[in-house]
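Here is my note on the structure, in numbered points. Please read it with the coordinates open.

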Protein chains: 2
Amino acid sequence: MSSGSDFVQHIASREEDFSRWYTDVILKTDLVDYSDVRGCMVIKPYGYGIWELIQKELDARFKATGHKNAYFPLFIPESLLKKEAEHIEGFAPEVAWVTRGGSEELTERLVVRPTSETIICSMYAKWIHSYRDLPVLINQWCNVVRWEKTTRPFLRTSEFLWQEGHTVHATEEEAQEETLKMLDVYVEFNKNVLAVPVIKGQKTEKEKFAGARATYTMEAMMQDGKALQMGTSHDLGQNFAKVFDIQFLDKDGQLKYGWQTSWGVSTRMIGGIIMVHGDERGLALPPKVAPTQVVVLPIAQHKPGVLEKARELTERLLKSGLRAEIDEREGQSAGWKFNEWEMRGVPIRVEIGPRDIEKGEVVAVRRDDLQKTVLPMEGVEKALTEMLELVHQGMYDKALAFRDSRIFTATDFDEFNKAVNARQGFAKAMWCGERECEDAIREKTGATARCIPFEQEKISDKCVCCGKKAKHMMYFGKSY
Amino acid sequence: MSSGSDFVQHIASREEDFSRWYTDVILKTDLVDYSDVRGCMVIKPYGYGIWELIQKELDARFKATGHKNAYFPLFIPESLLKKEAEHIEGFAPEVAWVTRGGSEELTERLVVRPTSETIICSMYAKWIHSYRDLPVLINQWCNVVRWEKTTRPFLRTSEFLWQEGHTVHATEEEAQEETLKMLDVYVEFNKNVLAVPVIKGQKTEKEKFAGARATYTMEAMMQDGKALQMGTSHDLGQNFAKVFDIQFLDKDGQLKYGWQTSWGVSTRMIGGIIMVHGDERGLALPPKVAPTQVVVLPIAQHKPGVLEKARELTERLLKSGLRAEIDEREGQSAGWKFNEWEMRGVPIRVEIGPRDIEKGEVVAVRRDDLQKTVLPMEGVEKALTEMLELVHQGMYDKALAFRDSRIFTATDFDEFNKAVNARQGFAKAMWCGERECEDAIREKTGATARCIPFEQEKISDKCVCCGKKAKHMMYFGKSY
């Protein structure tokens, strides 16, 4: 889509202005564009290609764990949304209202779904009668709308794409197991597909999903030290089941309410990929979600035989299942092309010129560490496939090392403040469990409670804020 | 999802009440359900499974023809929609209006996209500058909303799922070629994937897409003799380009407007599948889009070894790439299960009981003609894969023969009226090309102009309505 102007050099410095760097990267690599609609982004083919690969990988995992996809209406009648008190309170300030259809004023206003618990529960109440109907394991891929005041592409937009799983179980234990199982699916996906290390844990009462009994989260650290919530899984208990009357006749002849879960990840994860892996050169895409994994660059392509060989190589790579592409544009220097493909984050670039052809070799350059390797043409598919694994591992290791270097244990308020502000990282600290301290910390430092991690350590006995008896170890951080 | 009540016998007669038969089939086979939202359907997992397979097959075809997916906003500002006069006139009566966001009244109303030409053109105007940026070949998978007065699941609902391709080209010829190429992709897909024969042709001025220069369509005949438009491809000419200022600097140094196309198919096609292939027993799914292609039914499953062998067989089929499923539910007779799986339209049922196991055989029963075949267990995967091809072909041939038996050549008005009413079919007739006759025919017979087919025959010199000089041969029919 880009006609190739000299944009390569115009990415802001990541160190000096991370926020500007982010905007430069997403616009200049053709991931997204701003639209004429307030707070809504256009996901361009290169960005959408990443989302398609994310969908494919996640969908296979959902199906392997017994879930099926379905589709529920975009619109939710106001009365349905209002049924669960906490839920409407949480979502009312940020919904878009449909008030007219064609030329008529609607008798009941509709909201554009901000999430689908209520409309889905209204259907589950119709579908579920007996323990034989359980578990219900349904997922939906769709768009949702939340009327946000300040927006950033991928991170917070009025409309975004996501998946939302909604399940119903016969027992509390089974629902809890599902909640954590799907969180684990997300964690594994982040590690093995996005090369993003995450911390899993529980959200506080304040930060949990409106209407849930408990919300579990996975938090990643961006390169400015801020936290990004990469996905959540909710234990809904029987809250919605009671309000929507989802009852089933159990084996023991008793009428019981179902136990529910819901869980979701969104296009926001693409923002996470960018901010975890990107660098001064631009984007760096994890190989498993890179629309182009290997770009083939013919060197001195005007010389006889070069273009033919480069095309032949590209065909071979495509045939072996790699997502490969050749750049045979004329009128741009090799150096310019190197920069551009590095900016676009393609995991491996392969250079093939007259001397390489003579020697039966190619030069492969990894995007993550810029290492050059000479590969024999024979078996190059296998070598590149293995190199992609190394790139993935390299990116994960680098992200993990960075994150760990930015997690600071804080036993008093000064240390805490330094951790999240001066040192730009997460503070690992003890917390009394009271909302008051959570609020005070936010007010004084700008950091929010990211999660009560599953892996607890006892740093001290006292709450870092009030000094009273500590209940949990918590990760705090500034966030998006 | 179904807990297996005795619904099998309650499908209305297809001959006596086709409309009721349709509703019974879609509800009782768990394809869809009605929701609490006016005119919006819930697509249940079985129905959505069909849509996923449709998407997969079509998406591969779009990509093979050079298209990439992207995503544009759900909302369109009123001012954008109004830019193209014919377009807003066509869509205004059927759009849903968002007038509030959060607690604020919007300064400009938004429509929920009924189709995305306007929002996409506003972006293309930003992206396209030079002939080097062309062609733009983008497709979008999404939901759209049209505020319909009377709705039927799949056929006409306020919200539906679809894909919409939007392309821009440097020349008129290239755009026309694209319009017809994508129509051909749809036709081929209908034949080879859905087993649905379609007639391709051009829509009249009256029936064309609001804002298009020409609309091409493919029309299928349902078993009540009515027509269903299975998809359309539009030659937009430069109408939208001029309004949205999509200009490019051509090779010759001239600034020119782009030539555009758009094309789409929707979940409506699932309604077509049902009404083309279904019968008194219920649904009959074309193998390529059947979520379950082969159901394995253990006979006398309480007898030692039966269940094990049936499971083993299912595993083998799955491993070979067939979408297979075993029904090992207890408490239902084999006969009941036969009926249920026939109702759900699974292309092949495989029965395996003690005697079959002894002989190293299974019994395969085709859904399309109910023929039983004994297959040796050895090589059963291959035999069933081949049988699925035969089922597909059998379904296509049957649909084609039915359609052709219901197309009647009409040289006068009486014949015409008999064709579309008493004989419930399409009338093939000459038409003068005047809107007046098109309207008169509709008023007097209830039939609409379906298309001016590409394959023209000269039936007579005179318009079937006014008797004046005929311009085209046309297919007329009642429609959904």
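1. Fold content. In this predicted model, chain A carries 14 helices and 23 strands. Its radius of gyration is 25 Å, close to the 23 Å that the globule rule gives for 480 residues, so chain A is as compact as a globular protein of that length. Along the principal axes, the C-alpha atoms of chain A fill a box of roughly 80 × 55 × 50 Å.

2. Burial and contact range. Half of the chain is inside by the count used here: 50% of the 480 residues of chain A are buried. Contacts reach far along the sequence. Among those in chain A with a separation of 6 or more, 69% link residues 24 or more positions apart.

3. Symmetry. A turn of 180° with a shift of 0.0 Å along the axis lays chain A on chain B, and the RMSD is 0.1 Å. The two copies are thus related as by a two-fold rotation axis. Which residue of chain A comes closest to the rotation axis? That is Val98(A), with its C-alpha at 2.1 Å.

4. Interface. On each side the count is 50: 50 residues of chain A are in contact with 50 residues of chain B. Strand 5 of chain A, residues 96-101, gives the most to its side, with six residues. By class, the side of chain A that touches chain B holds 29 nonpolar, eleven polar and ten charged residues. The copies meet through the same surface, because 100% of the interface residues of chain A are also interface residues in chain B.

5. Strand pairing across the interface. Strand 5 of chain A pairs with strand 5 of chain B, residues 96-101 there too. The sense is antiparallel, over five bridges. Val98(A) stands opposite Val98(B). Recall that Val98(A) is also the residue of chain A that comes closest to the rotation axis.

6. The nonpolar core. The largest core has 278 residues. Which of them touch the most other members? They are Val296(A), Phe476(A), Val296(B) and Phe476(B), so named from both chains. Leaving aside neighbours within four places in sequence, Val296(A) is in contact with Ala310(A), Leu313(A), Thr314(A), Ala324(A), Ile326(A), Val350(A) and Ile352(A).

7. Strand 17 of chain B. Four of the five residues of this strand (348-352) are buried, so strand 17 is largely enclosed by the rest of the structure. Strand 15 of chain B, residues 294-298, runs parallel to strand 17 and is joined to it by five bridges. In that pair, Pro298(B) stands opposite Ile352(B). Strand 18 of chain B, residues 361-366, pairs with strand 17 in the antiparallel sense, over four bridges. There, Ile348(B) has Arg366(B) as its bridge partner.

8. Strand 23 of chain A. Is this strand mostly covered or mostly open? Strand 23, residues 472-477, is mostly covered, with five of its six residues buried. Strand 21 of chain A, residues 426-431, pairs with strand 23 in the antiparallel sense over five bridges. Ala429(A) has Met474(A) as its bridge partner. Strand 22 of chain A, residues 448-453, also runs antiparallel to strand 23, with three bridges. In this pair, Cys451(A) is matched with Tyr475(A).

9. The sheet around strand 23. Chain A has an open sheet of eleven strands with mixed pairing. The order is 3-7-8-14-11-10-9-22-23-21-20. Strand 3 (68-69) and strand 20 (407-409) stand at the edges, each with a single partner strand, so one side of each is left without a neighbour in the sheet.

10. Strands 9 and 10 of chain A. Strand 9 (residues 199-202) and strand 10 (residues 214-221) run antiparallel, joined by four bridges. Lys200(A) stands opposite Met218(A).

11. The loop between them. Ala212(A) lies in the loop between strand 9 and strand 10 of chain A. Why does Ala212(A) count as buried? It has 25 C-beta neighbours inside 10 Å, and the cut-off is 20 or more. Leaving aside neighbours within four places in sequence, Ala212(A) is in contact with His234(A), Asp235(A) and Leu236(A). Gln238(A) is 26 residues from Ala212(A) along the chain, and their C-alpha atoms are separated by 9.1 Å.

How values were computed:
Residues numbered from 1 in each chain as written. Chains lettered and ligands numbered in written order. Predicted model: local features only at pLDDT ≥ 70, side-chain atom pairs only at ≥ 80, totals over all residues. Least-squares fit on C-alpha atoms with pLDDT ≥ 70 in both. Contact = placed C-beta atoms within 7 Å. Helix = DSSP H or I, 4+ residues; strand = E, 2+ residues; numbered from the N terminus. Rg over C-alpha atoms; globule rule 2.2 N^0.38 Å. Buried ≥ 20, exposed ≤ 12 C-beta atoms within 10 Å, placed from the backbone. Nonpolar A, V, L, I, M, F, W, Y, C, P; charged D, E, K, R; others polar. Pairing = 2+ DSSP bridges. Core = buried A, V, L, I, M, F, W, Y, C linked by C-beta atoms within 7 Å.
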